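Trainee: I am new to this structure and would like to learn how to read its features one at a time. Could we begin with the ligand and then move on to the rest?

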Amino acid sequence: MTQPLIAPSLLAADFANLQRDLELINRSEADYLHFDVMDGEFVPNISFGFPVLEAVRRHCRKPLDVHLMIAKPERYIDAFAEGGAASISVHYEASIHLHRTLSRIREMGCRAGVALNMQTPVSLLEDVVDVIDVVLVMTINPGFGGQKLLPLSIPKIRKLRRMLTDAGSSALIEVDGGITLDNAPTLLSAGADMLVAGSSVFGADDPLEAIRQLKNSRQL
Ligand code: DX5
Ligand code: ZN
């Protein structure tokens, strides 16, 4: 069985020791660094943007998985791609011309992702499935790290896996929010390919070991 992709979330890092935390990620088995951008409008919090991206890129050797929790994300696709993103996810709820936005992400050479809030049904993706490389399923209400995973996200992941298979799509399923070593096997069994983890990595006594254990999580 293939191992899950692991993306530690920068949001839970120590910003006063960013270089130290990025070097830790470089040494780890992480596949990506998850980069959460919040604008205070789409979500009730503000995180970081381009100056931090620029600093992160100088020190981080892992590909950057950018998660845009911002209104009208189409305004910033080119800038994040040029800023070094490997993957860019926009929210379904924030993108009126989603097909165009996802196509632009691909044109800019990045993996195109669409993120779904809890209340957004997976069936809404059926008509854009041809331009999706990754579906980011929010397993919490976005805006803050350190929350508990919402249980209804598990059947949703299962439904999404079936929908992608039926559509002949090879898009990955990424899950984000409240992910721990304890719930990782359930998420993988439901169909997740990629695990984002903030608090359970940076809040662990040994973040390197936490990443290693997440990487070695298996389906139930
Ligand atoms: C929240 C972000 C998440 C967050 C996850 O809106 O999208 O990526 O960093 O943090 P944890 O793993 O602490 O729930
Ligand atoms: Zn995120």
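Mentor: Let us do that, keeping in mind that this is a predicted model. To read a ligand site, one begins with the residues around the ligand: here 21 residues surround ligand 1, and the closest are Ser9, Pro142, Gly145, Gly198 and Ser199.

Trainee: Which elements give two or more residues to the shell around ligand 1?

Mentor: Strand 2 (33-38), strand 8 (194-197) and helix 7 (199-202) each do so. As for the character of this shell, its residues divide into 7 nonpolar, 12 polar and 2 charged.

Trainee: How should I read the record's annotations, and which residues does "active site" cover?

Mentor: An annotation is best read as a statement from a record, to be set beside the model. The UniProt annotation "active site", which comes from an unreviewed entry, covers Asp36 and Asp176. These two are spread over 141 residues of sequence, yet they cluster in space, with a largest C-alpha distance of 10.6 Å. The unreviewed UniProt entry also places the feature "binding site" at His34, Asp36, His67 and Asp176, and although these residues are spread over 143 residues of sequence, they too cluster in space, the largest C-alpha distance being 10.6 Å.

Trainee: Is aspartate 36 buried or exposed?

Mentor: To decide, one counts the other C-beta atoms within 10 Å, and a residue is buried if there are 20 or more. Aspartate 36 counts as buried because it has 24 C-beta neighbours inside 10 Å. Its place is in strand 2, and, leaving aside neighbours within four places in sequence, aspartate 36 is in contact with Ser9, Leu10, Leu11, Ser47, His67 and Met69.

Trainee: And why is aspartate 176 buried?

Mentor: The same reading applies: aspartate 176 has 27 other C-beta atoms within 10 Å, and therefore it is buried. Aspartate 176 lies in strand 7 (residues 172-176), and it touches His67, Leu136, Met138, Thr139 and Val196, not counting residues up to four places away in sequence.

Trainee: Finally, which residues touch the most other members of the largest nonpolar core?

Mentor: For a core, one looks at its membership and then at its contacts. The largest nonpolar core has 68 residues, and Ile88, Val114, Val135 and Leu195 touch the most other members. Strand 6 (residues 134-138) gives the most to this core, contributing 5 residues. Leaving out residues up to four places away in sequence, valine 135 touches Val114, Leu116, Leu125, Leu160, Ala171, Ile173 and Glu174.

Conventions:
Residues are numbered from 1 along each chain as its sequence is written. Chains are lettered from A and ligands numbered from 1 in the order in which they are written. This is a predicted model: local features need pLDDT of at least 70, side-chain atom pairs count only at pLDDT 80 or more; totals for chains, interfaces and linings use all residues. A residue is near a molecule or strand if its C-beta atom, placed from the backbone, lies within 6 Å of it. Helices (H or I, at least four residues) and strands (E, at least two) are DSSP runs, numbered from the N terminus. Ala, Val, Leu, Ile, Met, Phe, Trp, Tyr, Cys and Pro count as nonpolar, Asp, Glu, Lys and Arg as charged, and the others, Gly among them, as polar. A nonpolar core is a set of buried Ala, Val, Leu, Ile, Met, Phe, Trp, Tyr and Cys residues joined through C-beta atoms within 7 Å. A residue is buried if 20 or more other C-beta atoms lie within 10 Å of its own, exposed if 12 or fewer, and partly exposed in between; C-beta atoms are placed from the backbone. Two residues are in contact if their C-beta atoms, placed from the backbone, lie within 7 Å. UniProt positions are given in the numbering used here, feature names are shortened, and annotations may be inferred rather than shown by experiment.
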